[in-house]
Amino acid sequence: MKDLGPLIDITKLTLLTAYIKNVPKPNSLLIIAKPESGKTEVMKKFAICKNVAYLSDVTAFGIQRDLLAKIESGEVRHIMIPDLLKPLSRKESTVNSFITMMNSLIEEGVSAMTTYATPGLVTFKNPVKVGLITAITSDEFKDNRHNWKKKGFLSRTIPFSYKYGMDTVNKIFESIIELGYLKEREIKLDIPTQDKEIRLPEKFARSILPSTATIAKAQDTYGFRLQKQFQALLQASALDRDRRSVNASDVDRVLRLMNWVNFDERPIA
(Lines give C-alpha, C1' and ligand atoms only; values in the text may rest on other atoms or scores of the structure.)
Protein backbone atom coordinates (compact mmCIF):
# COMPACT_ATOMS: atom_id res chain seq x y z
CA MET A 1 0.00 0.00 0.00
CA LYS A 2 2.94 2.38 0.37
CA ASP A 3 2.98 2.83 -3.41
CA LEU A 4 -0.55 4.24 -3.06
CA GLY A 5 0.74 6.92 -0.70
CA PRO A 6 -0.66 9.85 -2.73
CA LEU A 7 -4.14 8.27 -2.80
CA ILE A 8 -4.03 7.59 0.94
CA ASP A 9 -2.82 11.15 1.54
CA ILE A 10 -5.54 12.89 -0.48
CA THR A 11 -8.19 10.67 1.13
CA LYS A 12 -6.92 11.62 4.59
CA LEU A 13 -6.88 15.34 3.76
CA THR A 14 -10.33 15.12 2.20
CA LEU A 15 -11.72 13.65 5.42
CA LEU A 16 -9.99 16.32 7.53
CA THR A 17 -11.62 19.16 5.57
CA ALA A 18 -14.80 18.36 7.52
CA TYR A 19 -13.21 19.64 10.76
CA ILE A 20 -12.13 23.14 9.66
CA LYS A 21 -14.34 25.98 10.90
CA ASN A 22 -13.52 28.37 8.09
CA VAL A 23 -14.16 25.84 5.30
CA PRO A 24 -17.83 26.05 4.24
CA LYS A 25 -18.23 22.38 3.34
CA PRO A 26 -16.27 19.12 3.38
CA ASN A 27 -14.35 18.28 0.22
CA SER A 28 -15.49 15.50 -2.09
CA LEU A 29 -13.25 13.05 -3.94
CA LEU A 30 -13.82 10.87 -7.01
CA ILE A 31 -11.20 8.12 -7.42
CA ILE A 32 -10.77 6.78 -10.96
CA ALA A 33 -8.64 3.74 -11.84
CA LYS A 34 -8.77 0.33 -13.48
CA PRO A 35 -10.08 -2.71 -11.58
CA GLU A 36 -7.55 -4.20 -9.11
CA SER A 37 -5.93 -0.79 -8.54
CA GLY A 38 -6.45 -0.74 -4.77
CA LYS A 39 -9.29 1.81 -4.72
CA THR A 40 -11.53 -0.21 -2.42
CA GLU A 41 -8.63 -1.38 -0.25
CA VAL A 42 -7.59 2.19 0.48
CA MET A 43 -11.13 3.30 1.24
CA LYS A 44 -11.69 0.33 3.57
CA LYS A 45 -8.72 1.53 5.64
CA PHE A 46 -10.66 4.67 6.53
CA ALA A 47 -14.02 2.96 7.12
CA ILE A 48 -13.50 2.93 10.89
CA CYS A 49 -12.97 6.68 11.06
CA LYS A 50 -15.36 8.72 13.17
CA ASN A 51 -18.18 10.52 11.30
CA VAL A 52 -17.81 8.39 8.16
CA ALA A 53 -20.79 6.51 6.71
CA TYR A 54 -19.21 3.67 4.73
CA LEU A 55 -21.88 2.34 2.38
CA SER A 56 -21.68 -0.50 -0.14
CA ASP A 57 -24.88 0.75 -1.76
CA VAL A 58 -27.16 3.78 -1.37
CA THR A 59 -30.11 5.61 -2.91
CA ALA A 60 -31.52 9.12 -2.51
CA PHE A 61 -34.40 7.61 -0.54
CA GLY A 62 -31.99 5.87 1.82
CA ILE A 63 -30.05 9.09 2.41
CA GLN A 64 -33.25 11.00 3.22
CA ARG A 65 -34.56 8.30 5.52
CA ASP A 66 -31.41 7.26 7.35
CA LEU A 67 -28.68 9.88 7.00
CA LEU A 68 -30.01 13.43 6.70
CA ALA A 69 -30.59 13.84 10.44
CA LYS A 70 -27.12 12.42 11.19
CA ILE A 71 -25.54 14.72 8.61
CA GLU A 72 -27.35 17.71 10.11
CA SER A 73 -26.10 16.86 13.62
CA GLY A 74 -22.51 16.32 12.44
CA GLU A 75 -22.56 12.62 13.26
CA VAL A 76 -21.91 11.93 9.56
CA ARG A 77 -19.53 14.29 7.75
CA HIS A 78 -18.51 12.11 4.82
CA ILE A 79 -20.31 9.43 2.87
CA MET A 80 -17.89 6.85 1.51
CA ILE A 81 -19.00 4.57 -1.33
CA PRO A 82 -16.25 2.15 -2.42
CA ASP A 83 -17.93 1.25 -5.72
CA LEU A 84 -20.06 3.96 -7.31
CA LEU A 85 -21.20 1.48 -9.96
CA LYS A 86 -23.69 -0.10 -7.53
CA PRO A 87 -25.81 3.05 -6.99
CA LEU A 88 -25.58 3.71 -10.73
CA SER A 89 -26.89 0.28 -11.72
CA ARG A 90 -30.55 0.99 -11.01
CA LYS A 91 -33.20 2.37 -13.32
CA GLU A 92 -32.52 5.80 -14.79
CA SER A 93 -34.98 7.75 -12.62
CA THR A 94 -33.49 6.31 -9.41
CA VAL A 95 -29.96 7.10 -10.54
CA ASN A 96 -30.93 10.64 -11.52
CA SER A 97 -32.50 11.20 -8.08
CA PHE A 98 -29.32 9.97 -6.41
CA ILE A 99 -27.03 12.23 -8.48
CA THR A 100 -29.31 15.23 -7.94
CA MET A 101 -29.39 14.59 -4.19
CA MET A 102 -25.60 14.28 -4.00
CA ASN A 103 -25.17 17.44 -6.10
CA SER A 104 -27.08 19.38 -3.47
CA LEU A 105 -25.51 17.73 -0.42
CA ILE A 106 -21.90 18.18 -1.51
CA GLU A 107 -22.23 21.77 -2.72
CA GLU A 108 -24.92 24.25 -1.65
CA GLY A 109 -26.58 21.91 0.86
CA VAL A 110 -30.19 20.83 1.41
CA SER A 111 -32.33 23.47 3.15
CA ALA A 112 -35.82 21.99 2.81
CA MET A 113 -37.57 19.13 1.07
CA THR A 114 -40.88 17.41 0.66
CA THR A 115 -40.94 14.02 -1.04
CA TYR A 116 -42.63 10.65 -0.69
CA ALA A 117 -39.74 9.73 1.64
CA THR A 118 -40.47 12.56 4.08
CA PRO A 119 -43.51 13.14 6.34
CA GLY A 120 -44.54 16.51 4.87
CA LEU A 121 -42.23 19.51 4.53
CA VAL A 122 -38.87 19.04 6.26
CA THR A 123 -36.72 22.11 6.87
CA PHE A 124 -33.25 22.50 8.32
CA LYS A 125 -31.88 25.41 10.37
CA ASN A 126 -28.72 25.41 8.25
CA PRO A 127 -28.19 23.85 4.81
CA VAL A 128 -27.24 20.20 5.30
CA LYS A 129 -23.90 19.45 3.64
CA VAL A 130 -21.73 16.35 3.48
CA GLY A 131 -18.57 15.25 1.70
CA LEU A 132 -18.48 12.30 -0.70
CA ILE A 133 -15.57 9.95 -1.27
CA THR A 134 -16.21 7.34 -3.92
CA ALA A 135 -14.50 5.32 -6.63
CA ILE A 136 -15.26 4.09 -10.12
CA THR A 137 -13.42 2.13 -12.78
CA SER A 138 -11.89 3.97 -15.71
CA ASP A 139 -14.28 2.44 -18.26
CA GLU A 140 -17.38 3.21 -16.19
CA PHE A 141 -16.16 6.76 -15.69
CA LYS A 142 -15.79 7.26 -19.44
CA ASP A 143 -19.35 5.97 -19.91
CA ASN A 144 -20.73 8.46 -17.36
CA ARG A 145 -18.41 11.45 -17.79
CA HIS A 146 -20.51 13.40 -20.30
CA ASN A 147 -23.72 12.99 -18.32
CA TRP A 148 -22.08 13.94 -15.01
CA LYS A 149 -20.47 17.00 -16.54
CA LYS A 150 -23.84 18.09 -17.92
CA LYS A 151 -25.42 17.70 -14.46
CA GLY A 152 -22.59 19.48 -12.65
CA PHE A 153 -21.53 16.44 -10.62
CA LEU A 154 -17.94 16.38 -11.89
CA SER A 155 -17.19 19.99 -11.00
CA ARG A 156 -18.31 19.34 -7.42
CA THR A 157 -15.66 16.67 -6.77
CA ILE A 158 -11.90 16.46 -7.03
CA PRO A 159 -11.10 13.75 -9.59
CA PHE A 160 -8.08 11.62 -8.70
CA SER A 161 -7.06 9.22 -11.47
CA TYR A 162 -4.07 6.93 -11.59
CA LYS A 163 -2.64 3.65 -12.77
CA TYR A 164 0.17 1.37 -11.63
CA GLY A 165 3.64 1.63 -13.13
CA MET A 166 5.47 -1.62 -13.81
CA ASP A 167 7.63 -1.27 -10.68
CA THR A 168 4.49 -1.06 -8.57
CA VAL A 169 2.91 -4.02 -10.37
CA ASN A 170 5.99 -6.13 -9.63
CA LYS A 171 5.99 -5.07 -5.96
CA ILE A 172 2.33 -6.03 -5.61
CA PHE A 173 2.95 -9.47 -7.08
CA GLU A 174 5.81 -9.94 -4.61
CA SER A 175 3.54 -8.86 -1.75
CA ILE A 176 0.89 -11.34 -2.86
CA ILE A 177 3.40 -14.18 -3.09
CA GLU A 178 4.78 -13.32 0.37
CA LEU A 179 1.24 -12.82 1.81
CA GLY A 180 2.24 -9.28 2.71
CA TYR A 181 -1.26 -8.00 1.97
CA LEU A 182 -2.49 -9.84 5.08
CA LYS A 183 -0.50 -7.41 7.22
CA GLU A 184 -2.36 -4.32 5.99
CA ARG A 185 -3.96 -2.31 8.77
CA GLU A 186 -6.82 0.17 9.05
CA ILE A 187 -6.06 3.89 9.30
CA LYS A 188 -7.49 5.80 12.24
CA LEU A 189 -7.38 9.56 11.83
CA ASP A 190 -6.58 11.88 14.70
CA ILE A 191 -9.92 13.71 14.65
CA PRO A 192 -10.01 16.96 16.67
CA THR A 193 -12.55 17.07 19.46
CA GLN A 194 -13.65 20.50 18.21
CA ASP A 195 -13.51 22.02 14.74
CA LYS A 196 -10.47 24.25 14.25
CA GLU A 197 -10.01 27.51 12.38
CA ILE A 198 -7.01 27.26 10.08
CA ARG A 199 -5.54 30.49 8.73
CA LEU A 200 -4.78 30.55 5.01
CA PRO A 201 -2.44 33.41 4.04
CA GLU A 202 -3.35 34.84 0.64
CA LYS A 203 0.11 34.19 -0.83
CA PHE A 204 -0.28 30.44 -0.32
CA ALA A 205 -3.80 30.36 -1.75
CA ARG A 206 -2.54 32.34 -4.75
CA SER A 207 0.48 30.05 -5.26
CA ILE A 208 -1.71 27.09 -6.30
CA LEU A 209 -3.83 29.14 -8.71
CA PRO A 210 -1.72 28.37 -11.84
CA SER A 211 -2.11 24.63 -11.24
CA THR A 212 -5.83 25.06 -10.63
CA ALA A 213 -6.14 26.96 -13.92
CA THR A 214 -4.34 24.20 -15.82
CA ILE A 215 -6.60 21.50 -14.38
CA ALA A 216 -9.74 23.60 -14.94
CA LYS A 217 -8.82 24.18 -18.57
CA ALA A 218 -8.46 20.43 -19.12
CA GLN A 219 -11.88 19.91 -17.52
CA ASP A 220 -13.46 22.79 -19.49
CA THR A 221 -14.56 24.62 -16.32
CA TYR A 222 -13.68 27.95 -14.74
CA GLY A 223 -12.12 26.20 -11.77
CA PHE A 224 -13.82 28.18 -9.00
CA ARG A 225 -14.94 25.07 -7.12
CA LEU A 226 -11.58 23.38 -7.63
CA GLN A 227 -9.69 26.34 -6.17
CA LYS A 228 -11.91 26.32 -3.08
CA GLN A 229 -11.36 22.59 -2.60
CA PHE A 230 -7.59 22.86 -3.12
CA GLN A 231 -7.46 25.67 -0.57
CA ALA A 232 -9.35 23.43 1.84
CA LEU A 233 -6.72 20.72 1.27
CA LEU A 234 -4.02 23.24 2.20
CA GLN A 235 -5.86 23.94 5.45
CA ALA A 236 -6.39 20.22 6.07
CA SER A 237 -2.66 19.64 5.63
CA ALA A 238 -1.94 22.23 8.31
CA LEU A 239 -4.54 20.63 10.60
CA ASP A 240 -3.00 17.20 9.98
CA ARG A 241 0.36 18.62 11.09
CA ASP A 242 -1.17 20.22 14.19
CA ARG A 243 -0.73 23.80 12.99
CA ARG A 244 -3.27 26.62 12.89
CA SER A 245 -1.87 28.25 9.77
CA VAL A 246 -0.92 27.05 6.29
CA ASN A 247 2.74 27.26 5.32
CA ALA A 248 4.89 26.48 2.27
CA SER A 249 5.21 22.78 3.13
CA ASP A 250 1.43 22.42 2.81
CA VAL A 251 1.60 24.01 -0.64
CA ASP A 252 4.27 21.50 -1.71
CA ARG A 253 2.17 18.62 -0.38
CA VAL A 254 -0.99 19.67 -2.22
CA LEU A 255 0.82 20.57 -5.45
CA ARG A 256 2.27 17.04 -5.51
CA LEU A 257 -1.19 15.52 -5.08
CA MET A 258 -2.48 17.69 -7.92
CA ASN A 259 -0.34 15.63 -10.32
CA TRP A 260 -3.14 13.04 -10.23
CA VAL A 261 -6.07 15.47 -10.21
CA ASN A 262 -7.03 14.86 -13.82
CA PHE A 263 -8.46 12.14 -16.03
CA ASP A 264 -5.07 11.05 -17.41
CA GLU A 265 -4.41 8.03 -15.17
CA ARG A 266 -0.81 8.94 -14.53
CA PRO A 267 1.39 6.26 -12.90
CA ILE A 268 1.33 6.43 -9.13
CA ALA A 269 4.27 5.70 -6.88
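Helices (at least four residues) and strands (at least two) are DSSP runs, numbered from the N terminus. The model worked on here is predicted.

**Exercise 1. The second largest pocket**

Find which elements each supply at least two residues of the lining of the second largest pocket, and describe that lining.

Solution.
Step 1. Start with the volume. The second largest pocket has about 420 Å³.
Step 2. Go to its centre. Among the 19 lining residues, Pro24, Ile71, Glu72, Pro127 and Lys129 are the closest to it.
Step 3. Assign the elements. Helix H3 and strand E5 (122-128) each give at least two residues to the lining. E5 has the largest share, with 4 residues.
Step 4. Sort the lining by class. It holds 9 nonpolar, 3 polar and 7 charged residues.

**Exercise 2. Packing of H3 and H4**

Work out how H3 and H4 are oriented to each other, and which residues meet.

Solution.
Step 1. Recall the two descriptors. Packed helices are described by the angle between their axes and the distance between the axes.
Step 2. Take both values. The axes of H3 (residues 60-73) and H4 (residues 92-105) come within 8 Å and cross at roughly 45°.
Step 3. Apply the cut-offs. Under 35 degrees would count as roughly parallel, and 65 to 115 as roughly perpendicular. The two helices are therefore oblique to each other.
Step 4. List the contacts. From H3 come Ala60, Ile63, Gln64 and Leu68; from H4 come Ser97, Phe98, Met101, Met102 and Leu105.
Step 5. Classify them. The contact has 7 nonpolar and 2 polar residues, and no charged ones.

**Exercise 3. Two helix residues and their neighbours**

Decide whether isoleucine 10 is buried or exposed, do the same for glutamine 235, and list what each touches.

Solution.
Step 1. Place isoleucine 10. Helix H1 (residues 5-16) contains it.
Step 2. Use the cut-off: under 20% relative accessible area is buried. Isoleucine 10 has 0% relative accessibility, so it counts as buried.
Step 3. Find its contacts. Leaving out residues up to four places away in sequence, isoleucine 10 touches Leu29, Ile158, Phe160, Leu233, Leu257 and Val261.
Step 4. Check a distance along the chain. Isoleucine 10 and valine 254 are 244 residues apart in sequence, yet their C-alpha atoms are separated by 8.3 Å.
Step 5. Turn to glutamine 235 in helix H9 (residues 224-240). Its relative accessible area is 5%, so glutamine 235 is buried.
Step 6. Find its contacts, with the sequence neighbours up to four places away again left out. Glutamine 235 touches Ile20, Asn22, Val23, Ile198, Leu200 and Val246.

**Exercise 4. Positive phi in two loops**

Locate glutamate 36 and asparagine 51, and give the phi of each.

Solution.
Step 1. Recall the background. Most residues other than glycine have a negative phi.
Step 2. Take glutamate 36. Its phi is positive, about 70°, although it is not a glycine. It sits in the loop between strand E1 (29-33) and helix H2 (39-45). At 80% relative accessibility, glutamate 36 is exposed.
Step 3. Take asparagine 51. This non-glycine residue also has a positive phi of about 70°. Its loop runs between H2 and strand E2 (52-54). With 13% relative accessible area, asparagine 51 is buried.

**Exercise 5. Asparagine 147**

Give the helix that holds asparagine 147 and its exposure class.

Solution.
Step 1. Asparagine 147 belongs to helix H5 (residues 138-151).
Step 2. Its relative accessibility is 28%, so asparagine 147 counts as partly exposed.
Step 3. Valine 251 lies 104 residues away along the chain, and the two C-alpha atoms are separated by 33 Å.

Definitions and conventions: Residues numbered from 1 in each chain as written. Predicted model: local features only at pLDDT ≥ 70, side-chain atom pairs only at ≥ 80, totals over all residues. Heavy atoms only, no water. Axes fitted to C-alpha atoms, helices over the stretch in contact; angles between N-to-C directions. Parallel < 35°, antiparallel > 145°, perpendicular 65-115°, else oblique. Contact = heavy atoms within 4.5 Å. Nonpolar A, V, L, I, M, F, W, Y, C, P; charged D, E, K, R; others polar. Buried < 20%, exposed > 50% of the residue type's maximum accessible area, 1.4 Å probe, protein only. 1 Å grid on protein atoms, 1.4 Å probe; cavity = no way out; pocket = protein on both sides within 12 Å on 5 of 7 lines; lining within 4 Å. Points joined across faces, edges and corners; volume = space filled by probe spheres on them.
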